[in-house]
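Here are some short exercises for getting to know a new structure. Have a go at each task on your own, then follow the solution step by step.

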Amino acid sequence: TEACVKLGINPAPKITILVVGKRHHVRFFPMSQQEGDKSGNCPAGTVVDCDVTNPAEFDFYLQSHGGLLGTSRPSHYNVLLDENGFT
């Protein structure tokens with residue numbers, strides 16, 4: 001926000017800072033074969049934000065794209081700063 005003030009940007013934009021991790025051993029599988037994609041993975045856009053996440057932090061898993069072969073790994077997102085008020 002200090003940079004926005006110096007540059008005269010008014011109102012200052014709201015910022016959200018995320019850390020994304022892929023090096024983990026978490027996998028998600030659809031409840032039935034009909035709910036999965038053609039590779040048997042969860043469909044692209046699947047978000048898991050409860051039960052396996054940290055209760056004290058703002059984190060979630062996102063299956064951002066479909067896998068072509070094998071079991072897809074979702075990305076793990078940790079929200080460090082949230083000025084936008086995401087829920």
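**Exercise 1. Work out what share of the residues is buried, and describe the overall form of the chain.**

Solution. Keep in mind that you're looking at a predicted model.
- Step 1: of the 87 residues in the protein chain, 23% count as buried. The cut-off for that is under 20% relative accessible area.
- Step 2: look at the surface. The protein chain exposes about 6700 Å², and 57% of this comes from carbon and sulfur atoms.
- Step 3: check the spread. The radius of gyration is 17 Å, whereas a compact globule of 87 residues would come out near 12 Å.
- Step 4: add the dimensions. Along its principal axes, the C-alpha trace spans about 55 × 30 × 20 Å.
- Step 5: take the contacts between residues at least 6 apart in sequence; 53% of them join residues at least 24 apart.

**Exercise 2. List the helices and strands, then put the strands in their order within the sheet.**

Solution.
- Step 1: count them up. The protein chain has one helix and four strands.
- Step 2: walk along the sequence, and the pattern reads α-β-β-β-β.
- Step 3: now go across the sheet. The four strands make an open sheet ordered β1-β4-β3-β2, with antiparallel pairing. At the edges sit β1 (16-21) and β2 (46-48), each pairing on one side only. From one strand to the next, the twist averages 30°.
- Step 4: go through the pairs. Six bridges connect β1 and β4 in the antiparallel sense, and one residue to look up is Ile17, whose bridge partner in β4 is Leu81. β3 and β4 are antiparallel too, over four bridges. Finally, β2 is joined to β3 (residues 59-63) by three bridges, again antiparallel.

**Exercise 3. Follow Leu62 to its partners on both sides, then decide whether Ser75 is buried or exposed.**

Solution.
- Step 1: start from β2. Val47 stands opposite Leu62 in β3.
- Step 2: cross over to β4, where Ser75 is the bridge partner of Leu62. Ser75 belongs to strand β4, which covers residues 75-82.
- Step 3: find the company Ser75 keeps. Leaving aside residues up to four places away in sequence, Ser75 touches Val20, Gly21, Lys22, His24, Phe60, Tyr61 and Leu62.
- Step 4: decide. Ser75 has a relative accessible area of 8%, so Ser75 is buried.

**Exercise 4. Find the aromatic pairs and say how the rings are arranged.**

Solution.
- Step 1: know what to look for. A pair of aromatic rings is described by the distance of the centres and the angle of the planes.
- Step 2: the structure holds three aromatic pairs. Take Phe28 and Tyr61: their ring centres are 5.4 Å apart and their planes lie at 75°, so this pair is edge-to-face. Phe28 is in the loop between β1 and β2 and Tyr61 is in strand β3, 33 residues apart, which makes this a link between distant parts of the chain. Both Phe28 and Tyr61 are buried.
- Step 3: turn to Phe60 and Tyr77. Here the centres are 5.0 Å apart and the planes are at 10°, so the pair is stacked. Phe60 in strand β3 and Tyr77 in strand β4 are 17 residues apart, another link between distant parts of the chain. Phe60 is buried, and Tyr77 is as well.
- Step 4: bring in one more ring. Phe58, Phe60 and Tyr77 form one aromatic cluster.

**Exercise 5. Visit the loops and pick out what stands out in the backbone.**

Solution.
- Step 1: begin in the loop between α1 (2-7) and β1, the place of Pro11. The peptide bond from Asn10 to Pro11 is cis, with omega near 0°.
- Step 2: move to the loop between β2 and β3, where you'll find Asp51. Asp51 isn't a glycine, yet its phi is positive, about 70°. Its relative accessibility is 77%, so Asp51 counts as exposed.
- Step 3: finish in the loop between β3 and β4, home of Ser64. With 41% relative accessibility, Ser64 counts as partly exposed. Ser64 and Pro74 are 10 residues apart along the chain, and their C-alpha atoms are separated by 6.9 Å.

Definitions and conventions: Residues are numbered from 1 along each chain as its sequence is written. This is a predicted model: local features need pLDDT of at least 70, side-chain atom pairs count only at pLDDT 80 or more; totals for chains, interfaces and linings use all residues. Side-chain values use heavy atoms; hydrogens and water are left out. Two strands pair if DSSP finds at least two bridges between them. Helices (H or I, at least four residues) and strands (E, at least two) are DSSP runs, numbered from the N terminus. Axes are lines fitted to C-alpha atoms, for helices over the stretch in contact, and angles run from 0 to 180 degrees between N-to-C directions. The radius of gyration is taken over C-alpha atoms; the globule rule is 2.2 Å times the number of residues to the power 0.38. Buried means under 20% relative accessible area, exposed over 50%, partly exposed in between (1.4 Å probe, protein chains only). Contact means heavy atoms within 4.5 Å. Accessible areas come from the Shrake-Rupley method with a 1.4 Å probe; for residues, only the protein chains shown count as cover. Rings of Phe, Tyr and Trp (its six-membered ring) pair if their centres lie within 6.5 Å; planes under 30 degrees apart count as stacked, over 60 as edge-to-face and the rest as tilted.
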